[in-house]
Structures are given as structure tokens and as C-alpha cells.
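Me: Please take a close look at the aromatic residues in this model and how they sit in the interior. I would like one connected account, with the buried charge treated at the end.

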Amino acid sequence: MNAKIILLNGPAGVGKTTIGRALAATARNGVCIHGDDLKNFIVTRDLTRVAGGLAYQNAASLACNFIDGGYELVVVDFVFEQPRHVQRFCQEIPTAIAVHLVTLWAPLATVLERERSRPHRARLGERVVACYRTLEENLSSLGYLVHNVDRSPAALAAQIAHDVKQGCGLLTPVATRAEIRQER
């Protein structure tokens, strides 16, 4: 099986969850891991006592579990603001699994309007703008860029599925944590 992971990146309100679910549905056995669900596991935290970045590591572990269980496509809808966040995720993935990074993008005004109109969700306020600006600074190193403005989620998902099959957004395998430990 040619299992693959697609990291669907972008700012809050750009459409990651909607498109991620449509993208996962393009496979016979597809799953979409929603990054906010992983963050919601945390009830309290003292940043001086716990490790940071665990959501990336946990998302990777969950993705591997689905692939080990026979799923051929795992879409991880998450915000990877900087390349180091992508590296943190990829260090948990065996190098034999293809990982593609796709960043959804839209103008800031569009993102802000979408974020404000999302039902059943607390507003993120200024965090949306800060995240957008950080992503914008790092766009050249955040994979394959797809503009999400005037097309339906199904059309965008079909485009991304096609482009990923052509190799768009394919990341170079990185040494896993286990491989790094073995080298020491």
C-alpha cells in the first residue's frame, strides 16, 4: 500500500477542516485528524513543568496508528506556523511513509470573516492575525500553496488529491526520533 499523510496547514478560518474532510473522502480509506481536537485534550497546563509541541508529536503518532491500521490517506488539519513545527511532526513518522505539506491560503480579510462566522467556536481574536502574519513570513518554506478563495471544498480537495499524486508538497524524509536516539 502507498499510504500517505497530508499535512493541511493554514491559518484559522482558511477552511482546513472542511477541505480536510473532503480530501480524506477522496480515498477509499481516509481519515482526517483535526488539530483542535488534540489541543482540547489539555485541561490545565503549567508551561514551566510540561513539554511544548506535544500536539504535533501526538498528531503524528495518531496518523501512524491509522496507517498501521490500513488507512491509505491520513489528512492532518493543523496549524504549522513555522518549519520547525513541521519537523517536530515529521520526526515521529517512519521515513517510508510519504508526507506532503499543503498550505491553504486566502487574504487576511477573508480569513478573519470566516473565523468570525464559524459556529460553536470561541473567537480567537488577535491570535488569528498573529498566526496569519507568522505563516505569511514562512510561506516559502511551508510546502505547496493552494489558494482557497472562490472554489468549493470538493473542487479544492480534488485538486489537492490530484496534485499530491503528482508529488506536490512532498517533504524530504527526516530522521525520526528513534533514529536520532540510535545515533547517540
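Reply: Tyr56, Phe78, Phe80 and Phe89 make up one aromatic cluster. The model is a predicted one, and the distances and angles below are computed from it. In total there are six aromatic pairs. One of them is Phe78 with Phe80, a tilted pair with 5.4 Å from centre to centre and 45 degrees between the planes. Phe78 and Phe80 are both buried.

Another pair is formed by Trp105 and Tyr132, and this one is stacked: the centres are 4.3 Å apart and the planes are at 25 degrees. Trp105 belongs to strand S4 (residues 98-105) and Tyr132 to helix H6 (residues 126-138), so their pairing ties together parts that are 27 residues apart in sequence. Trp105 has 7% relative accessibility and therefore counts as buried. Tyr132, at 4% relative accessibility, counts as buried too.

Phe89, a member of the aromatic cluster, also appears in the account of the nonpolar core. The largest such core has 54 residues, and Phe89 is listed with Ile5, Leu7, Val76 and Ile160 as having the most contacts inside it. Helix H3 (residues 54-68) gives the most to this core, contributing seven residues. Ile5 shows what such a position looks like in detail. Leaving aside residues up to four places away in sequence, Ile5 touches Phe89 and Val76, along with Ala63, Ile67, Val74, Ile93, Ile97, Ala98, Val99 and His100.

Phe78 leads to the buried charge, since Phe78 is among the residues that Lys16 touches. Lys16 lies in helix H1 (residues 16-24). Lys16 is buried but has no salt bridge. The nearest side chain of opposite charge is that of Asp77, 4.8 Å away, whereas a salt bridge is counted within 4 Å.

Polar partners for the Lys16 side chain are found on the backbone instead. A polar atom of the Lys16 side chain lies 2.9 Å from the backbone oxygen of Gly10. The same side chain reaches the backbone oxygen of Pro11 at 3.0 Å. Gly10 and Pro11 are also in the list of residues that Lys16 touches, which further includes Leu8, Asn9, Asp77, Val79 and Leu104, again not counting residues up to four places away in sequence.

Terms used
Residues are numbered from 1 along each chain as its sequence is written. This is a predicted model: local features need pLDDT of at least 70, side-chain atom pairs count only at pLDDT 80 or more; totals for chains, interfaces and linings use all residues. Side-chain values use heavy atoms; hydrogens and water are left out. Helices (H or I, at least four residues) and strands (E, at least two) are DSSP runs, numbered from the N terminus. Buried means under 20% relative accessible area, exposed over 50%, partly exposed in between (1.4 Å probe, protein chains only). Lys and Arg count as positive and Asp and Glu as negative; His and the chain ends are not counted. A polar contact is a pair of N or O atoms within 3.5 Å; within protein, one must be able to donate a hydrogen and the other to accept it, and residues adjacent in sequence count only if both atoms are side-chain atoms. Contact means heavy atoms within 4.5 Å. Rings of Phe, Tyr and Trp (its six-membered ring) pair if their centres lie within 6.5 Å; planes under 30 degrees apart count as stacked, over 60 as edge-to-face and the rest as tilted. A nonpolar core is a set of buried Ala, Val, Leu, Ile, Met, Phe, Trp, Tyr and Cys residues joined through side-chain atoms within 4.5 Å.
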